[in-house]
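Student: I am new to this structure and would like a close look at a single part of it, taken slowly. Could you choose a pair of packed helices and tell me how they are arranged and what surrounds them?

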Amino acid sequence: MESLAIENLSFTYKSWNEKKNQPLLEKLNLTVLSGEKVLILSPPEGGKTTFSRIINALIPKFIDGNLSGNIHVNDKVLTDCQPYDLVRDICYVSQNPLEMFVSTTCENEVAFPLESLGLDSHCIAATVHRVLEKWGLLSFAKASPFELSGGERKRLLLSVSSAIDPSIFVLDEAFDDLDATWRNFLAQEIKTSDKTVITLSARYLRQFEGVFDKVLLLEKGTLHQVTEAEARSLFTHKTIESYLKDSLLLHPYASRVSAYQGIRQEVRVEGLLAVRKRESIKDEQPFVMDCAHFAVKSCEVVRLIGSNGSGKSTFSRIACGLDSFDHGSIFLNGKKATDQMLQSNVGYLFQNPDYQIFLPTVYEELAWGLVNAGTYTNKEIREKVEQCTALFSLNLQETPTTMSFALRKKLQAAVYYLLERPFLILDELDGAMSYEDAYFIISELSKKGCALIIITHDDQFAQEIADATYTVHHGVLEVLDER
Amino acid sequence: MNVSIFKQGKGPLYLLDPRSKVMLTLYLCVYVFLPVTFASVVGVALFSIGISLYSLGKKNTLTIWLSVLPMLIIMLIFSPLYERGGTPLWMWGTTVVLTKEGLLQSLILDFRFLSITFAWSLLFATTKMDEFMLALQAFHLPYKACLTISLVFRSIPDIFDSFNDIIDSHKLRRGTSTKVQKKVRHRLKNLGPTLTSALVVSLRSIPTLAMSLEARGYGLKTKRSQFHSLDSYRHHYLYSLVFFMIFVTLFILFQQ
């Protein structure tokens with residue numbers, strides 16, 4: 001029996017200016033059998049999210065566009081259905097969990113669709129308990145989803161889909177933000193499930209091995225099947241040399257720093273202790289961030305790894321002067337640093353780019369920091385921005401809010417490229433981005449002698465170029481490996 | 001991080017039936033507008049602040065107070081200008097600027113405003129959103145209206161957080177700002193892009209929130225069930241009646 005049947009699907013987003021948009025999906029055909037596990041790989045901007053939303057009847061209902069073709073979900077004609085008619089048939093796990101939350105507590109978030117289905121309260125309570133326990137969130141049942149870490153939020157979305165238990169799961173970059181343990185767990189869940197699962201990703205992760213029945217490539221608006229070996233060769237992490245051709249990052253730290261002409265700088269953290277309490281639930285023990293020693297110097301690449309909710313983002317916010325701490329000191333070039341000193345020297349690419357880009361055009365977004373610096377003429381700003389957009393393959397007049405998640409992350413990186421901060425924290429830069437793009441950004445930033453702190457859940461990403469690796473476990477930050 | 005209007009705290013307000021709390025809040029709001037003595041309006045305001053200090057703590061109480069402080073100052077400065085009759089306290093040449101009655105009137109307005117602010121803040125800070133929704137449904141408000149109210153209150157801290165994130169982002173991008181940035185003109189200038197950004201983030205969340213609601217079955221014809229209920233609360237009619245009697249007694253004692 002067919003779970004999903006698509007014939008000649010074409011889709012073009014509505015244009016909001018004179019320029020006509022190109023079709024994002026064109027004469028796309030797909031048949032997914034009941035219980036089949038399908039992996040759809042596509043580079044960023046390939047149309048993964050749009051495709052996911054279309055088969056969930058969310059587009060063009062909520063985002064305007066021109067849709068044609070026939071789509072059947074469990075023999076239901078999609079164009080005759082509203083999204084709520086398909087609750088038991090298909091469920092979509094969004095790439096960005098924050099945009100999906102409707103409730104103020106985790107348990108209510110899971111309960112919401114079950115209430116819509118009219119289940120009785122005992123059944124809802126049992127399901128909520130079961131799925132929250134399964135996804136390791138039972139202790140956060142009464143907490144607000146907004147208080148969770150990125151990976152925990154993703155697990156909450158997966159809990160919601162588990163609770164609904166539809167016949168088709170659509171997982172849009174669901175592995176992103178999850179740490180290795182939960183990635184393995186999700187892969188195992190997909191493999192052992194008797195439901196139809198469609199997973200969309202920009203990378204072929206180690207966890208995908210042997211999980212899927214079919215691997216498809218979404219390219220130029222259409223799908224074609226590839227073998228697992230082909231998918232691996234196109235979308236998996238290759239040798240570091242293939243990404244960083246002729247880059248200084250391939251050389252040892254000593255030779256990189258000796259080639260660097262600029263001022264050598266250092267950020268050092270000593271005996272840092274920060275206590276954080278959740279507001280929505282009474283924690284038995286508040287979260288404590290503890291870092292005895294951390295140091296990063298110009299031209300250095302440092303990896304920061306740790307499980308979901310371990311404190312990576314908490315540390316990052318403190319290190320760039322956004323959040324306060326209770327004990328300890330942060331030194332910038334030997335001097336005790338104030339918040340303002342850190343803010344001016346340590347850049348931070350948030351995990352979610354939407355909190356950092358908000359102006360109407362790419363040009364304005366990139367120029368904002370330079371205008372505020374007050375040291376450049378308009379002509380200089382224009383030149384710098386144009387060079388930067390050419391380098392990062394961005395379109396000056398494009399509207400950031402309509403760009404894909406990966407492209408928004410690229411824009412976020414371009415903003416800091418122009419600001420020339422000596423230290424930069426990249427919080428899950430590789431999430432939803434191709435390895436090529438992520439390494440390109442690292443390479444360009446390092447050319448300026450910038451010290452990079454790379455936060456990642458990918459055990460391969462940046463491993464070979466890292467001069468040191470720090471780990472965070474239950475708030476305790478320690479050095480794991482130093483070259 | 002301000003993640004929810006609900007705050008963990010202590011005290012009987014957390015144990016009280018949400019329906020009774022809604023009634024108590026309404027009684028208090030009506031009472032401060034009745035023709036009662038100035039002292040009793042001040043008393044109600046101070047009582048609300050006292051309850052807030054006990055239930056929510058100093059920090060949260062101060063946050064509530066600071067959020068309405070600009071409005072209190074504006075009311076205190078401008079409202080006496082509209083009440084010039086009575087005993088003059090301050091004259092500008094031959095023009096009466098401030099009278100005793102005008103000052104009293106603006107103080108009454110300020111204390112009324114404080115009472116209402118603290119009453120509603122206490123209601124939302126001590127009541128979980130799902131229980132507040134159930135309380136509204138108990139008063140026969142349609143589910144759609146309750147959900148709308150719930151989403152609004154879910155969105156307030158969300159937008160507030162977005163606003164703070166945007167400010168943080170701007171701080172990091174602004175760079176080596178020194179004394180110049182502290183000037184009011186520059187701060188106001190910087191407020192423009194921050195507010196615009198917050199508005200963009202909020203507007204962008206509308207279609208995605210609508211998507212999320214429908215993808216989770218909102219709109220289905222099936223009768224919606226309830227995960228939570230107010231069954232564990234008892235005697236809400238009795239409490240509501242007791243509160244009503246208290247305010248009636250206060251009115252009899254302190255009416256002008």
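Tutor: In this predicted model, let us begin with helix α2 (residues 106-116) of chain A and helix α3 (residues 121-134) of chain A, whose axes come within 10 Å and cross at roughly 130°. With angles of 65 to 115 degrees counted as roughly perpendicular and those over 145 as roughly antiparallel, that crossing makes α2(A) oblique to α3(A), and the crossing of the two is right-handed. From α2(A), the residues that meet the other helix are A:Glu107, A:Val110, A:Ala111, A:Leu114 and A:Glu115, while α3(A) brings A:Ile124, A:Thr127, A:Val128, A:Val131 and A:Leu132. Sorted by class, this contact of α2(A) with α3(A) has 7 nonpolar, 1 polar and 2 charged residues.

One of the α2(A) residues just named, A:Glu115, also leads us to the other chain, since A:Glu115 forms a salt bridge with B:Arg224, in which the closest N and O atoms are 3.2 Å apart. Between chain B and chain A the count is 6 salt bridges, and the contact between these chains takes 56 residues from chain B and 65 residues from chain A. Together the two chains bury about 5,600 Å² between them, with 57% of it on carbon and sulfur atoms. On the side of chain B, the residues that lose the most area to chain A are B:Arg173, B:Arg216 and B:Phe227, which together account for 18% of what that side buries.

A second pair in chain A can be set beside the first: helix α11 (residues 362-373) and helix α12 (residues 378-391) of chain A pack at an angle of about 130°, with their axes 10 Å apart. α11(A) and α12(A) are therefore oblique to each other, and α11(A) passes α12(A) in a right-handed crossing. Here the contact is made by A:Val362, A:Tyr363, A:Leu366, A:Ala367, A:Leu370 and A:Val371 of α11(A), together with A:Ile381, A:Arg382, A:Lys384, A:Val385, A:Cys388 and A:Thr389 of α12(A). By class, the contact of α11(A) with α12(A) has 9 nonpolar, 1 polar and 2 charged residues.

Finally, there are two points of backbone geometry to look for in chain A. Most residues other than glycine have a negative phi, and most peptide bonds are trans. A cis peptide bond, with omega about 10°, joins A:Ile59 and A:Pro60, and A:Pro60 is found in the loop between α1 (48-55) and β4 (65-73) of chain A. A:Asn74, a residue other than glycine, has a positive phi near 50°, and its place is in the loop between β4 and β5 (76-77) of chain A.

Note on methods. Residues are numbered from 1 along each chain as its sequence is written. Chains are lettered from A and ligands numbered from 1 in the order in which they are written. This is a predicted model: local features need pLDDT of at least 70, side-chain atom pairs count only at pLDDT 80 or more; totals for chains, interfaces and linings use all residues. Side-chain values use heavy atoms; hydrogens and water are left out. Axes are lines fitted to C-alpha atoms, for helices over the stretch in contact, and angles run from 0 to 180 degrees between N-to-C directions. Helices (H or I, at least four residues) and strands (E, at least two) are DSSP runs, numbered from the N terminus. Angles under 35 degrees count as roughly parallel, over 145 as roughly antiparallel, 65 to 115 as roughly perpendicular and the rest as oblique. A crossing is left-handed if the near helix is turned anticlockwise from the far one by less than a right angle, and right-handed if clockwise. Contact means heavy atoms within 4.5 Å. Ala, Val, Leu, Ile, Met, Phe, Trp, Tyr, Cys and Pro count as nonpolar, Asp, Glu, Lys and Arg as charged, and the others, Gly among them, as polar. Buried area is the accessible area (1.4 Å probe) that two parts lose on being put together, summed over both. A salt bridge is a side-chain nitrogen of Lys or Arg within 4 Å of a carboxyl oxygen of Asp or Glu.
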